[in-house]
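I opened a new notebook page for this structure. My plan is to look things up one by one and write down what I find.

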Amino acid sequence: MSLLIAEMSPTSHVVDHVLWSVGGTPVLTTQMVTMVIAGFVTVFLLWIASRAIVTGPETEGNARFVTKGKFAQLIEAMVVYLRNEMLLPVMGEHSTRKYLPYLLSLFFFILTMNLFGIIPFADMQALLYVFFTGSDNYHHYYFGGTATANIAITCGLALISFVVIQVHGFRELGVKGFLEHMTGGLIDGPIGLWLIVPIVFAVEIAGLFIKPAALAIRLFANMVGGHTMMGTLLLFGYMAFSGGLGLLGGGTITLVSTIFTVMISFLEIFVAFLQAFIFMFLTAVFISLMSHEEHELELEEAEDAKAAVAGH
Amino acid sequence: MNPLVLAADNPAAFNWMPGVTAIVVFLIVLVVLSLFVWPKISKGLDDRNEKILSEIKSAEEAREQAKAALAEYERNLAEAREEANQMIQSARAEAKRVAEDLKAKNEAELAERLKRASHDIETAKKAAISQLHDSAADLAAAVAGKILDREVNAADQKQLVEESLKELSEHAV
């Protein structure tokens with residue numbers, strides 16, 4: 001019966017499971033273990049790729065510049081695309097060089113965790129446990145699930161982004177520049193506008209925290225949402241059988257819901273990449289918003305506009 | 001007792017521990033990747049970039065050099081052609097000049113020879129005439145002596161000779 005109770009909840013695959021708790025406080029959970037494994041896998045796979053991407057020995061001639069192996073080429077294509085097409089236009093040459101290690105590490109770490117969520121590690125362990133012990137406990141597993149479907153984990157990553165963004169802002173703009181940024185440059189404006197400075201300041205301060213909070217919630221909600229949907233779809237067949245629809249009715253519903261689950265799985269793979277990218281890219285955008293370059297760009301555009309007006 | 005405590009079935013349940021672990025794990029991942037992976041990948045990409053750029057640059061340089069060499073070759077060819085033309089022209093002019101010189105010299109020489117020859121002839125003619133005069137005078141004197149059968153004195157003889165010579169030169173000239 002515990003199987004029925006457990007499986008009737010579509011979120012049972014999404015929520016964290018406590019492995020060890022001290023005095024009622026959870027200390028070790030399945031998603032933490034998954035995250036640590038994902039960290040190792042990220043480092044290991046990227047290290048493998050980097051060995052193929054790095055320039056080989058002189059003896060290889062011109063072939064030493066060629067990336068060997070499909071996996072390394074895949075990683076390289078992603079790195080080059082993110083760097084040249086996405087980050088360079090947003091952050092500029094200097095900031096891209098500086099923050100590329102952080103941003104790429106973030107992207108690949110989140111991506112690995114997202115993709116880990118699509119592989120049913122937890123269910124494999126539970127089934128093996130049930131098969132070998134004859135137990136009816138379908139929740140005996142030590143790792144698995146989507147680590148990024150844990151709001152605490154996405155908050156932790158967003159907190160790092162927050163720190164990086166603010167440290168960059170202070171270093172780039174200085175305290176005065178930071179305050180100017182916080183008031184939207186209204187301090188230099190007409191005196192009448194000073195009246196709305198407190199409002200703008202409050203909104204900007206709130207924005208500082210809302211931006212990373214939105215990062216955390218977006219990633220968390222997307223991961224939870226997708227996996228809850230898959231769980232719900234898979235439960236339809238079970239519900240049909242337990243509701244007494246019989247072999248034909250239950251079988252049809254199971255078939256249809258399985259087909260849909262497969263289709264949603266492809267969507268989930270896409271979402272895994274997309275959300276990892278969005279988390280990383282928005283962090284890059286928030287960093288670049290705290291730079292001088294943006295203002296310089298605005299100034300240049302203003303100069304260009306003036307020149308264009310003068311020219312006509 | 002089940003070793004696994006089922007968490008509250010709420011995905012939004014917040015638990016500090018995974019959050020802190022996330023920060024620690026990510027920072028470790030970041031440090032390891034920054035030390036051992038990203039420098040390698042960056043270097044590989046930069047090296048390749050540099051290699052491609054330098055190859056393009058050297059290819060462009062080679063093309064420029066080839067272009068310059070071709071232009072140089074063509075200029076040399078044109079110069080050589082021009083020089084050859086000039087040489088032909090000057091050789092032709094030289095030949096013409098030499099021929100004209102030769103002709104003029106020949107003509108001058110011919111004229112000189114003609115002049116000398118006529119002078120020689122004149123001299124020889126004069127000598128012959130003078131010899132003839134002498135012989136004729138002697139012969140005339142002897143003949144006249146014989147005819148007259150007397151001794152013509154020298155003064156008569158001379159007079160006679162001169163008369164006859166006068167006559168002779170009037171006829172001869």
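Entry 1: a salt bridge in chain A. The model I am reading is predicted. I started with A:Arg64 and asked: is A:Arg64 buried or exposed? A:Arg64 counts as buried, because its relative accessibility is 13% and the cut-off for buried is under 20%. I then looked up its partner. A:Arg64 forms a salt bridge with A:Glu58, and their closest N and O atoms are 3.7 Å apart. A:Glu58 is exposed, at 62% relative accessible area. I noted that this bridge joins a buried residue to an exposed one.

Entry 2: salt bridges in chain B. I moved on to helix H2 of chain B, residues 38–148. B:Arg75 and B:Glu72 meet there through their side chains in a salt bridge, at 3.2 Å from N to O. How many residues apart are B:Arg75 and B:Glu72 in the helix? They are three residues apart, so about one helical turn separates them. B:Arg75 is partly exposed at 47% relative accessibility. B:Glu72 is partly exposed too, with a relative accessible area of 37%.

I found another pair in this helix. B:Glu109 and B:Arg113 form a salt bridge at 3.3 Å, N to O. They lie four residues apart in H2 of chain B, about one turn of the helix. B:Glu109 is partly exposed, at 38% relative accessibility. B:Arg113 counts as exposed, because its relative accessible area is 52% and the cut-off for exposed is over 50%.

Next I looked for bridges that share partners. A:Arg83, A:Glu93, A:Arg97 and B:Asp46 are joined into one network in this way. For the total, I searched the whole structure and got 14 salt bridges over all chains.

Entry 3: where the chains meet. I looked up the size of the interface. Chain A and chain B bury about 4100 Å² between them. Carbon and sulfur atoms account for 73% of that area. The contact draws 56 residues from chain A and 40 residues from chain B.

How many salt bridges cross the interface of chain A and chain B? I count three. One pair I looked up is A:Arg83 and B:Asp46, whose side chains form a salt bridge at 3.9 Å, N to O. I also found seven residue pairs in polar contact across this interface, both residues at pLDDT 80 or more.

I then asked which elements of chain A give two or more residues to the side that touches chain B. They are strands S1 (18–22) and S2 (25–29), with helices H2 (30–53), H3 (70–118), H5 (151–182) and H6 (197–242). H3(A) gives the most, twelve residues. By type, this side of chain A has 34 nonpolar, 17 polar and five charged residues.

Entry 4: the nonpolar core. The largest nonpolar core has 67 residues. Which of them touch the most other members? I found A:Phe108 and B:Trp38. From chain A, H2, H3, H5, H6 and helix H7 (246–289) each give two or more residues to this core. From chain B, helix H1 (16–36) and H2 do so. H3(A) supplies the largest share, 20 residues.

Last, I listed the contacts of B:Trp38, leaving out residues up to four places away in sequence. B:Trp38 touches A:Leu46, A:Val79, A:Pro101, A:Leu104, A:Ser105 and A:Phe108 in chain A, and B:Leu33 in chain B.

Conventions
Residues are numbered from 1 along each chain as its sequence is written. Chains are lettered from A and ligands numbered from 1 in the order in which they are written. This is a predicted model: local features need pLDDT of at least 70, side-chain atom pairs count only at pLDDT 80 or more; totals for chains, interfaces and linings use all residues. Side-chain values use heavy atoms; hydrogens and water are left out. Contact means heavy atoms within 4.5 Å. Buried area is the accessible area (1.4 Å probe) that two parts lose on being put together, summed over both. A salt bridge is a side-chain nitrogen of Lys or Arg within 4 Å of a carboxyl oxygen of Asp or Glu. A polar contact is a pair of N or O atoms within 3.5 Å; within protein, one must be able to donate a hydrogen and the other to accept it, and residues adjacent in sequence count only if both atoms are side-chain atoms. Ala, Val, Leu, Ile, Met, Phe, Trp, Tyr, Cys and Pro count as nonpolar, Asp, Glu, Lys and Arg as charged, and the others, Gly among them, as polar. Buried means under 20% relative accessible area, exposed over 50%, partly exposed in between (1.4 Å probe, protein chains only). A nonpolar core is a set of buried Ala, Val, Leu, Ile, Met, Phe, Trp, Tyr and Cys residues joined through side-chain atoms within 4.5 Å.
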